[in-house]
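Thanks, everyone. I'll keep this brisk. Please have the sequence and the model in view as I talk.

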Amino acid sequence: MSLSGEVVLLITHSGDFFTVDRVAESLVRLGAQPFRLDTDKFPGVVRLDLHVGDGSSSRIIYGENSIRTEQVRSVWMRRIWSPELSKDLIPQFQAACVNESLAMLEGLWDGLRQAWWVDNLQRISAAENKLRQLRVAEEIGLRIPRTLVTNNGEEVQEFFRMIGGRMVAKLLTPLSQSMQGSGFFLYTSAVKEEDLSDVGSLRYCPMVFQEQIPKLRELRVVFVNGKLFVGALDALLYANSTADWRQLDNSNFLWQPHELPAEITYRLQIFMAHFGLVFGAFDLIQTPSEEYVFLEVNPTGEWGMLERDLGYPISQAIAQALLGV
């Protein structure tokens, strides 16, 4: 069935339910018409007809529904996943088919440039640079951890000694597509002295090393169009088992509400204005002395656990941002 009228395009993947469903429901309550596009289902299930230069409309066909690109009022850039290709496809063709499919999706995004995006892909890309994030955060007055990014094992050993042996390691970019997605994701991990014997492997891949900040609470701060929704975890409950809350069993650790000082709220708003983003999910630490330390922001980060545990109306705020209300 060809849908009529304006639509809000929700870009996600077939394994995404809670958050995308909540935003879709909020859009419907506001009188809008959502259209979900699971990027991993292209080209196997989703069909795209992109016309350029002949005046014809481009179409997205998914299941029994289809829309034309000129109907798209706004776009929520939730997730872009690589295609699910048939196992019957000859392996040497797999990479080429993935590349061509992703290239066509990029053509679709370009064809939707007249729509309002939450958020613009170029701005998301610029904001995903972790070193740029740290630089901007420090420039606007947020405290950041002392940080080293290197492929030099000797420098890591020196840095380890300089910060008194309290050090964590992580990557500049995640290697999986979501916290629950398939594929390897290297969580932030504490580095012990015996681990330094393996620093020679850095010649194959640089890594990020940071001083380990003492934690009272770990915070996930969700920014939506100027509004902040803050969830906190009591770090003392798991400090001896992990350096990264994303490794926790969510059934055992519930998020708690938290209020940021006005100064920190203001600086986070300045940070988002710098990157021109409508949405972002910050990770902060509150130290035992109640100082706040910026770790990073994810321009398409997770927030469903805060809406689930705390009842925050984040999905409604996203829907309102998509509709400009």
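One definition before we start. When I say salt bridge, I mean a side-chain nitrogen of Lys or Arg within 4 Å of a carboxyl oxygen of Asp or Glu. And a reminder: this is a predicted model. With that cut-off, a search of the whole structure turns up 20 salt bridges. I'll come back to several of them.

Let's begin with a sheet. Four strands, in the order β2-β1-β6-β7, make an open sheet with parallel pairing. Which strands sit at the edges? They are β2, residues 34-38, and β7, residues 116-118, and each pairs on one side only. On average, neighbouring strands in this sheet are turned by 20 degrees against each other, ignoring direction.

Now look at β1, residues 7-12. It runs parallel to β2, and 5 bridges join the two. If you want a landmark there, take Ile-11, which stands opposite Leu-37 in β2.

Two helices to point out on this sheet. Helix α1, residues 18-29, packs on it and touches β1, β2 and β6, the last being residues 72-77. The direction of α1 makes about 175 degrees with that of β1. Helix α8, residues 314-323, also packs on the sheet. Its contacts are β1, β6 and β7, and its direction makes about 140 degrees with that of β6.

Keep α1 on screen, please. Arg-22 forms a salt bridge with Glu-307, with the closest N and O atoms 2.8 Å apart. Arg-22 is in α1, and Glu-307 is in helix α7, residues 304-310. So how far apart along the chain are they? The answer is 285 residues, and the pair links distant parts of the chain. Buried or exposed? Glu-307 has a relative accessible area of 6%, so it counts as buried. Arg-22 is at 30%, so it is partly exposed.

Next stop, strand β9, residues 167-170. In general, side chains in a regular strand alternate between the two faces of the sheet. Here, Met-167 and Ala-169 point one way, while Val-168 and Lys-170 point the other way. All four are buried.

What does β9 pair with? On β10, residues 189-191, there are 3 bridges, and the two strands run antiparallel. On β11, residues 207-211, there are 4 bridges, again antiparallel. Use Ala-169 as your marker. Its bridge partner in β10 is Ser-189. In β11, Ala-169 stands opposite Phe-209.

Stay with β9 for the next salt bridge. Lys-170 pairs with Glu-296, and the closest N and O atoms are 3.9 Å apart. Glu-296 lies in strand β16, residues 292-298, and Lys-170 in β9, so this pair ties together parts that are 126 residues apart in sequence. Both Lys-170 and Glu-296 are buried.

There is also a salt-bridge network. Asp-16, Arg-78, Arg-79 and Glu-302 are joined into one network by salt bridges that share partners.

Now over to β11. Glu-211 and Arg-146 meet there in a salt bridge, at 3.4 Å from N to O. Glu-211 is in β11, and Arg-146 is in the loop between α4, residues 130-139, and β8, residues 147-150, so the pair ties together parts 65 residues apart in sequence. Glu-211 is buried, at 13% relative accessible area. Arg-146 is partly exposed, at 43%.

Last topic: the backbone. Most residues other than glycine have a negative phi, and most peptide bonds are trans. Here are some exceptions to check.

Cis bonds first. One joins Phe-42 and Pro-43, with omega about 10 degrees. Pro-43 lies in the loop between β2 and β3, the latter being residues 47-49. Another cis bond runs from Val-118 to Asp-119, with omega near 5 degrees. Asp-119 is in the loop between β7 and α3, residues 121-127.

Then positive phi. Asn-225 is not a glycine, yet its phi is near 50 degrees. You'll find Asn-225 in the loop between β12, residues 217-224, and β13, residues 227-234. Glu-290 isn't a glycine either, and its phi is positive, at about 65 degrees. Glu-290 lies in the loop between β15, residues 279-286, and β16. Its relative accessible area is 54%, so Glu-290 counts as exposed.

That's my tour. Over to you.

Definitions and conventions:
Residues are numbered from 1 along each chain as its sequence is written. This is a predicted model: local features need pLDDT of at least 70, side-chain atom pairs count only at pLDDT 80 or more; totals for chains, interfaces and linings use all residues. Side-chain values use heavy atoms; hydrogens and water are left out. Two strands pair if DSSP finds at least two bridges between them. Axes are lines fitted to C-alpha atoms, for helices over the stretch in contact, and angles run from 0 to 180 degrees between N-to-C directions. Contact means heavy atoms within 4.5 Å. Buried means under 20% relative accessible area, exposed over 50%, partly exposed in between (1.4 Å probe, protein chains only).
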